[in-house]
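Trainee: I should be grateful for a close look at one part of this structure, namely its helices and how they are set against the rest of the chain. Please begin with the overall order of the elements and then move to the detail.

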Amino acid sequence: MTMMRELTLIGIRMESPNRAPVMMLRETEGYRYLPISIGSVEATAIAYEEQGLRPSRPLTHDLMRDLIQAFDVHIEAVEIVELRDAVFYAELVLANGVRVSARPSDSVALAVRLGTPIRCTEEVLREAGVATPEEEQAELERFRQFLDGVAPEDFSS
């Protein structure tokens, strides 16, 4: 059986130089991050849900959530199961045991709407995960807190 690690969505980041959206996931019990490049439509869908924004009409992932709930289907987990030729593959794991192939970005967009756990195989994390030592993580958190409390006026003379 494949060892799975639970992940948490950290958010969507825009990577330079081309400002491409990257979905950042992190191990819930560990220090590895899993960055996955995604499309702008999926990035928007995830960011809207993270920020609690409700468009006047449902987005595709909202429609999928509504259909899943209307048909009383339960998604037990979203699993990122493979990395092949620089492409990530995911599956929706349904309560009845059925596994549905999906892109990680669509899967996570659904997971944030349904409160579904996100998991990843240890193999994919070993191959594509980025380890951050505990000390660096603590320093990054202190820096983030500093940035949250600083205003542009603080740098004027």
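Mentor: Read from the N terminus, the elements of the protein chain follow the pattern β-β-β-α-α-β-β-β-α-β-α-β-α. That makes 5 helices and 8 strands. The model is a predicted one, and what follows should be read in that light.

Some overall values give the setting. The protein chain has 157 residues, and 37% of them count as buried. Its accessible surface comes to about 9900 Å², with 52% of that belonging to carbon and sulfur atoms. Among contacts between residues at least 6 apart in sequence, 50% join residues at least 24 apart.

Helix α3 is the natural place to begin. Of its 11 residues, spanning 104-114, 9 are buried, so the helix is largely enclosed by the rest of the structure. The buried residues are P104, S105, D106, S107, V108, A109, L110, A111 and R113. One of them, S105, may serve as an example. S105 has a relative accessible area of 6%, and the cut-off for a buried residue is under 20%; S105 is therefore counted as buried. When neighbours within four places in sequence are left aside, its contacts are M23, I38, E42 and I46. Of the residues in that list, E42 and I46 fall within the range of helix α1, residues 40-51. M23 falls within the range of strand β2, residues 20-27. Just after α3, G115 adopts a positive phi of about 70 degrees.

Helix α2, residues 60-70, presents another arrangement. Its buried residues are H61, D62, R65 and I68. Seen down the helix axis, these residues fall within an arc of 125 degrees, so they line one face of α2. A general point helps here: an α-helix has 3.6 residues a turn, so residues three or four places apart point the same way. On the other side of α2, T60 and A70 are exposed. The buried residues of α2 pack against α1, α3 and strand β4, which covers residues 75-84. Helix α3, whose residues are mostly buried as described above, is thus one of the elements that α2 packs against. Just after α2, D72 takes a positive phi of about 55 degrees.

The strands provide the remaining context. They form an open sheet of 8 strands with mixed pairing, in the order β6-β5-β4-β7-β1-β2-β3-β8. Its edge strands, β6 (99-102) and β8 (130-131), each pair on one side only. Strand β4, against which α2 packs, stands between β5 and β7 in that order.

Further along the sheet, strand β1 (residues 4-15) pairs with β7 (residues 118-121) in the antiparallel sense over 4 bridges. Within this pairing, E6 stands opposite R119. M4, also in β1, shows how the sheet brings together distant parts of the sequence: its C-alpha atom is 6.0 Å from that of R119, although the two residues are 115 apart along the chain. With neighbours within four places in sequence set aside, M4 contacts E79, I80, R119, C120 and T121. M4 is partly exposed, with a relative accessible area of 25%.

Strand β2 pairs with β3 (residues 32-37) in the antiparallel sense over 5 bridges, and a hairpin of 4 residues joins the two strands. In this pairing, the bridge partner of M24 is P35. Strand β3 also pairs with the edge strand β8, again in the antiparallel sense, over 2 bridges; there R32 has A131 as its bridge partner.

Two loops complete the picture. In the loop between β1 and β2 lies R19, whose phi is positive, near 55 degrees. In the loop between β4 and β5 lies A86, which has a positive phi of about 65 degrees although it is not a glycine. By way of background, most residues other than glycine have a negative phi. A86 counts as exposed, at 70% relative accessibility. As for the side chains, R84 lies over the face of Y89, at 4.4 Å from the ring centre.

Terms used: Residues numbered from 1 in each chain as written. Predicted model: local features only at pLDDT ≥ 70, side-chain atom pairs only at ≥ 80, totals over all residues. Heavy atoms only, no water. Buried < 20%, exposed > 50% of the residue type's maximum accessible area, 1.4 Å probe, protein only. Contact = heavy atoms within 4.5 Å. Arc of directions from axis to C-beta. Pairing = 2+ DSSP bridges. Lys NZ or Arg CZ within 6 Å of the ring centre and 35° of its normal. Areas by Shrake-Rupley, 256 points an atom, 1.4 Å probe, with all protein chains shown as cover.
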